[in-house]
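Biologist: Hey, got a minute to go through this complex with me? I'd like to get a feel for how the two chains sit together.
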Amino acid sequence: MEAYRQEIIVGSVIVYMAFCVLTGLWAMRRTHNTSDFFIAGRSLGPIVVALALFSSTLSGFGFVGGPGLVYSVGVTSFWMVVISSTGYAVGFFMVAKRIRMIAELRDCISLPDVVAARYGSQSVSFLIAITIVLGVMGYLATQILAMAVVMQAILTGTETFAEVGLVTCVVISSAVLIFYCVTGGMIASVYTDVVQGSIMIIAGALILFTAISVFDGGMQEASSIILADDAETIMPYGAMGIMASLGWFFVFGLGLAGQPHIITKMMMNKNMSDNRTIFPMSLFGYAMAALLWISIGIIMRAAVIDGAVGPLSLPDDAASTFLTIFANPLLAGVVFAGLFAAIMSTSDAFLSIGTAAIIHDIPRAIGGRSVQNELFWARIVTVLLAIVAASFALYSHFRDETLVAILGAFGWGTFAASIFPVVAVGLNWKGATVPGAITAIVAALLINFFTQLGGYTLPYGISGPLVAFASSMVLFIGVSMLTKPLKLASDIEQMMDI
Amino acid sequence: MRSKLIYIIFVVSLFMVGILVAISLAEPVTNASGVPHPEFSGMQVGGDGLARFEQIGNLGFAFQCLLLIQIVLLSLLGISERYRSREILIYMGGTVVLTLFIAWQMYSSHLQYLETGNTDYFLGFPIATAWAVYGTWLGAIPLVVLYSVGFHKYIYTPEDEQQFKKLLIAKADKTELANH
């Protein structure tokens, strides 16, 4: 079986991509209008929503960047993962019920729609739409590039495709993504998420068992190797220290409830009561998939320090090197399919919300109404958005590699700081005002842009997104308290009392 | 407490920003956010842990505590005001105590290691890290339980469902009227 390792991996990925194409065709017959295209007609059962929620949360970063980060900085990176339980808790308590109610009450198909209904303001809706477009561009470019890089790494390991170029890989992977998103919209997206999420859960569990068997003493032996080399790396705050860790705790914990690609899925369940099971199921799925993130990183760092494995050229090689050396070919095939699944599940979510922002939200905010033949134009824009993101990814890869990385990092933090106060707090507090919302969003965007693109570093590992998020919370509540709220629409006011 | 909740959240947010400002103004330490590993490129190390904690350790821990309190406060904000009973407030208070206890165990175990150089292990990690990894996860369990088990009592009751249905009926009536 070892002799056919690359073929098994390639085969697994091809099977998975074929499944995505077939799902797109199946979903196309069920997509009749923009409500179906963007929020699956609010008709989904709890298992589908739960798997879609967590698989959208965990992108390719969880399979490549995450283990690489653990390899690089140790336990600091854990804080992005272990806070998921609190993050989901805050998301469900603050957002799940109200966003689902407001979506049905006002026929909302996007997050800016929800914001427009809550605040009675197209300005706030417009700013949220702009935030989404900016964040989506960076995120989508990162995901497309990751998909293509991994595909190239897999294919060049075979004799037949040894010379395949990155551009070809971008075209192939984007084509599959575009196909099932255009044909089946959100219905295709969430049903592929079901399989994607399942693969990610299985991959996470299997990798954990493989990882703990690398050293005779299991994870404890790996930890003690790292401890002997540098204790801080394996201690609670890792190599980057307490404020970097807590910054990620804040931004990834609370910020989960501000991620549009996650909370939009909370509008899609058929029955409100399903939330009581969706929450623990999503959490379980995420926890299982995240085992891979933690275990590979720790084992690889210990293995390199111990001399069992040669030093890595790049931290992001941690996962692929681990799979090559320690995992049997079938497991490697499952994990690589899982990697593509993770990247695609997040990419299709971004493609959907980005398209909605461009074709639905911005026209409504500026012109007061949607475009005609909205479903047709939604499909066109989906293709165009993916092409623009793919082009941007290639341009930055060949000209300036930092661009995509910056915008990718910019994405989560910007969504967290801009959207969390306005949506999560705003849906639960009648005193939230339009000036408060606008101030929070603008401040979040400016601080994030300033610190990320300006390259400013703050002392003790305090990150720009942490400053942006903490500031936007204070500004949102403070400015709202100082300004007079408009009278809420009667149905919105009654909804907020429920 | 119930109707003043947003003010408490605001004050906690202000304190958190204040701590960030204080930390930013503290005397810098070379290895505060890690330095490159002397032998392996791509790896960072933390170096002298005591030196890193000297200036800002307590401030950082205070920030962590405020964040844990804020998480529970925000979760409480997501429960309708009429369901924020004494029972719920006690439950949430208990959750805060639990998460702060876990955070203290993590922080104090870390300090103990820095002073003694010795640590035991639990499920693969040094004790302090085990508190961080398993404890942080488990600290949210009370919130998970409250939401799932208490859903129809505190989150979305049968009365809430009736109320929402009335809103939907009113919406349908309004749409029908507009079409005529």
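Modeller: Sure. One term before we start: a salt bridge here is a side-chain nitrogen of Lys or Arg within 4 Å of a carboxyl oxygen of Asp or Glu. Also, keep in mind that this is a predicted model.

Biologist: OK, so how many salt bridges are there between chain A and chain B?
Modeller: Two. One of them pairs Lys171(B) with Asp107(A), and their closest N and O atoms are 3.0 Å apart.

Biologist: And over all chains?
Modeller: The whole structure has 11 salt bridges. Among them is Glu104(A) with Arg100(A), where the closest N and O atoms are 2.8 Å apart.

Biologist: Where do Glu104(A) and Arg100(A) lie?
Modeller: Both are in helix α5 of chain A, four residues apart, so about one turn of the helix.

Biologist: Back to the contact. How many residues does each chain put in?
Modeller: Chain A gives 84 residues and chain B gives 81. Together they bury about 7300 Å², with 73% of that on carbon and sulfur atoms.

Biologist: Which three residues of chain A supply more of its buried area than any other three?
Modeller: Phe93(A), Arg276(A) and Tyr460(A), which supply 13% of the area that chain A buries against chain B.

Biologist: What about polar contacts between the chains?
Modeller: There are 22 residue pairs in polar contact, counting pairs with both residues at pLDDT 80 or more. On the chain A side, helix α5 (residues 84–106) brings the largest share of the touching residues, 14. By class, that side has 56 nonpolar, 17 polar and 11 charged residues.

Biologist: Switching to chain B: where does UniProt put the transmembrane regions?
Modeller: The unreviewed UniProt entry places them at residues 5–26, 56–76, 88–107 and 127–149 of chain B.

Biologist: What does the chain look like over residues 56–76?
Modeller: That stretch of chain B is 100% helix, and its end C-alpha atoms are 30 Å apart. Residues 88–107 of chain B are also 100% helix, with the end C-alpha atoms 28 Å apart.

Biologist: Last thing, what are the confidence scores?
Modeller: Chain B averages a pLDDT of 93, and 98% of its residues score at least 70. For the complex, the predictor gives an ipTM of 0.95 and a pTM of 0.92.

Key: Residues numbered from 1 in each chain as written. Chains lettered and ligands numbered in written order. Heavy atoms only, no water. UniProt positions renumbered as here; feature names shortened; annotations may be inferred. Helix = DSSP H or I, 4+ residues; strand = E, 2+ residues; numbered from the N terminus. Contact = heavy atoms within 4.5 Å. Buried area = accessible area lost by both parts, 1.4 Å probe. Polar contact = N/O pair within 3.5 Å; in protein donor to acceptor, adjacent residues only side chain to side chain. Nonpolar A, V, L, I, M, F, W, Y, C, P; charged D, E, K, R; others polar. pLDDT = per-residue confidence, 0-100.
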